[in-house]
Amino acid sequence: ASAVDDAHWMGADLARLDPEIGWPVTASPHPFRLTYRESPRPLISLIDDAAMLNERRVTRDDPPLTVPGMANVTLDAEGRLLEFIRVPPQREESIVQRAFDWTPFLGASGIDLSSLSSVSPSWTSPVDSDAKRAWEAKYPGGPGSIRIEAASYHGQPVWFAMIMPWREPIGLEARPSPQWETVVLLFNVLLILLLPVAAILIIRRNFRRGREDVRGAVVLGVTVFVTLALAAALRANHAASLYEEWVVYSQLAIETFFFGVLSALFYFAAEPLVRRRWPEMLVSWSRLVAGRWRDPMIGRDLLIGVVAGLAVAAGSYLLVLMIDGPGHALALKAATPLGSVRHTGFFLLRGIAEGLIRAIGAAFLLVLLRGFVRKTWLTAVLATVICAASILYLGIGSETARTVAAVLFAATGVFILIRFGLIATAATAYVILILHWIPTTLDPSSWFFGRSLLAYGTLVVLGLIGFFLSLGEKSLFPKSIFEE
């Protein structure tokens, strides 16, 4: 059947980046890879595991490979074939039994053909097949001997895969989690459940006492909702079907609306308490909500946030280089922005919402802790520990690198929040997230330099806006320069 829909994206072999492998990132195959899918029916994502949002984007197994004619092709960063899958026909009128010549596939994989030796197949094909082959061979610059499995159906290829040494059967991929990681994950689950409950209880108290900033909460909630909705529209795969699009966007609208409401709840709960104990946190935000867009304090906080975010991102990068070595610098990056500009745009928009949520969430955590701990310095220390724990399990790398980077992020965020306020904290988080998500380079000849330019350009524009706003009525140049 001819293809009516297709999708492609960049991904990463996370096992390839595991510090326990100890294999240099310069070796082949590179951890980043390109996957292409095509189908005789619209490709509509069913379930997509995402950290913050069900993104409804097509992945290797979503939608499942169940429709005859569906095909997947995965290449490494050098264009070598890593995997091919094609769903065979469900019924054929005439069946021709013949052996398939795998030489073109073996050549496309980039292996050393002189080292090829036949072995018995040991892996199950992901689709139906009636003949299988397997080999072992040397991979150029790679981990020595690797396994190659292939399957055909009625003389046609349906599966070809390079089985790397670190690949495990489905269900056995994950190594047992360290005990500390399990504890941190449970702590995060508990935090996610308790914070909204605490916010609702405090909101009831604030409303009874007439302490609420409805306008500020609405502005924050709408901003989070709109930016997340636009980001989701860029991220999701679309189909030429009104019904399918309605199903996708109905779910996305519900989820993005949830995060908008959640951020507004945190604001309703935190704002009166913050205004009483740390009023300086809300000065520039209140002026922004009031429509004073050109206020110098807004510019100052925005500029401080951009500079702080750049400093923390650079510091964390250096820490990874020093602790884990240069091979693990890539562990700080996402791979999908390398495939399409729309994925880069997704992260640029999502960062706005996530930066705001993190800022108001940290402010609510501060006032909540301040209610139990009377000393400001101890409140800041506890908030730093909690915030660091909330992002500790998300990292990739050694435990030392994860811990140091998480503490650096959290301590900087808490300091910026107490000293400069919500806008500066949101800007700091935004810069860190963008440089964490989007792979960047300063080499103009690099194939993803355009994506880097878009990310860097966004941050430069934010910094320039903050700088010029912070000048207020002052001139950029002293008047004496233009006087005779």
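# Briefing: sheet, helices and surface

S2 lies in the segment before strand 1. The model is predicted. Its eight-strand sheet is open and antiparallel. Two helices are also covered here: helix 2, at residues 179-208, and helix 11, at residues 449-471.

**Start of the chain**

- S2 has a relative accessibility of 58%, which is over the 50% cut-off, so it counts as exposed.
- R41 is 39 residues away from S2 in sequence. In space, the C-alpha atoms of S2 and R41 are 9.4 Å apart.

**The sheet**

- The strand order is 1-2-3-4-8-7-6-5, with antiparallel pairing.
- Strand 1 (5-12) and strand 5 (112-118) are the edge strands, and each of them pairs on one side only.
- On average, neighbouring strands of this sheet are turned by 20° against each other, direction ignored.
- Strands of a sheet pair through backbone hydrogen bonds, and the pairing can be parallel or antiparallel.

**Strand pairs**

- Strand 4 (residues 81-86) pairs with strand 8 (residues 156-163) in the antiparallel sense, over three bridges. E83 stands opposite A161 of strand 8.
- Strand 5 is joined to strand 6 (residues 131-138) by three bridges, and the two run antiparallel. Here D112 stands opposite K138 of strand 6.
- Strand 6 is also joined to strand 7 (residues 145-153), by eight bridges, again antiparallel. E136 has R147 in strand 7 as its bridge partner.

**Helix 2 and the nonpolar patch**

- L185, V189, L190, L193 and L194 make up a nonpolar surface patch. Together they have about 450 Å² of accessible area.
- One of the patch residues, V189, is found in helix 2 (residues 179-208).
- V189 has a relative accessibility of 42%, between the 20% and 50% cut-offs, and therefore counts as partly exposed.

**Helix 11**

- Helix 11 (residues 449-471) has 23 residues.
- From first C-alpha to last, helix 11 reaches 32 Å. That is close to the 33 Å expected at 1.5 Å a residue.
- The buried residues of helix 11 are R451, S452, A455, L459, G463, G466, L469 and L471.
- G472 follows helix 11 and has a positive phi, near 65°.

Notes. Residues are numbered from 1 along each chain as its sequence is written. This is a predicted model: local features need pLDDT of at least 70, side-chain atom pairs count only at pLDDT 80 or more; totals for chains, interfaces and linings use all residues. Side-chain values use heavy atoms; hydrogens and water are left out. Patches are made of residues with over 30% relative accessible area and no salt bridge: like charges are joined within 9 Å, nonpolar side chains (Val, Leu, Ile, Met, Phe, Trp, Tyr) within 5 Å. Accessible areas come from the Shrake-Rupley method with a 1.4 Å probe; for residues, only the protein chains shown count as cover. A salt bridge is a side-chain nitrogen of Lys or Arg within 4 Å of a carboxyl oxygen of Asp or Glu. Helices (H or I, at least four residues) and strands (E, at least two) are DSSP runs, numbered from the N terminus. Buried means under 20% relative accessible area, exposed over 50%, partly exposed in between (1.4 Å probe, protein chains only). The expected span of a helix is 1.5 Å times one less than its number of residues. Two strands pair if DSSP finds at least two bridges between them. Axes are lines fitted to C-alpha atoms, for helices over the stretch in contact, and angles run from 0 to 180 degrees between N-to-C directions.
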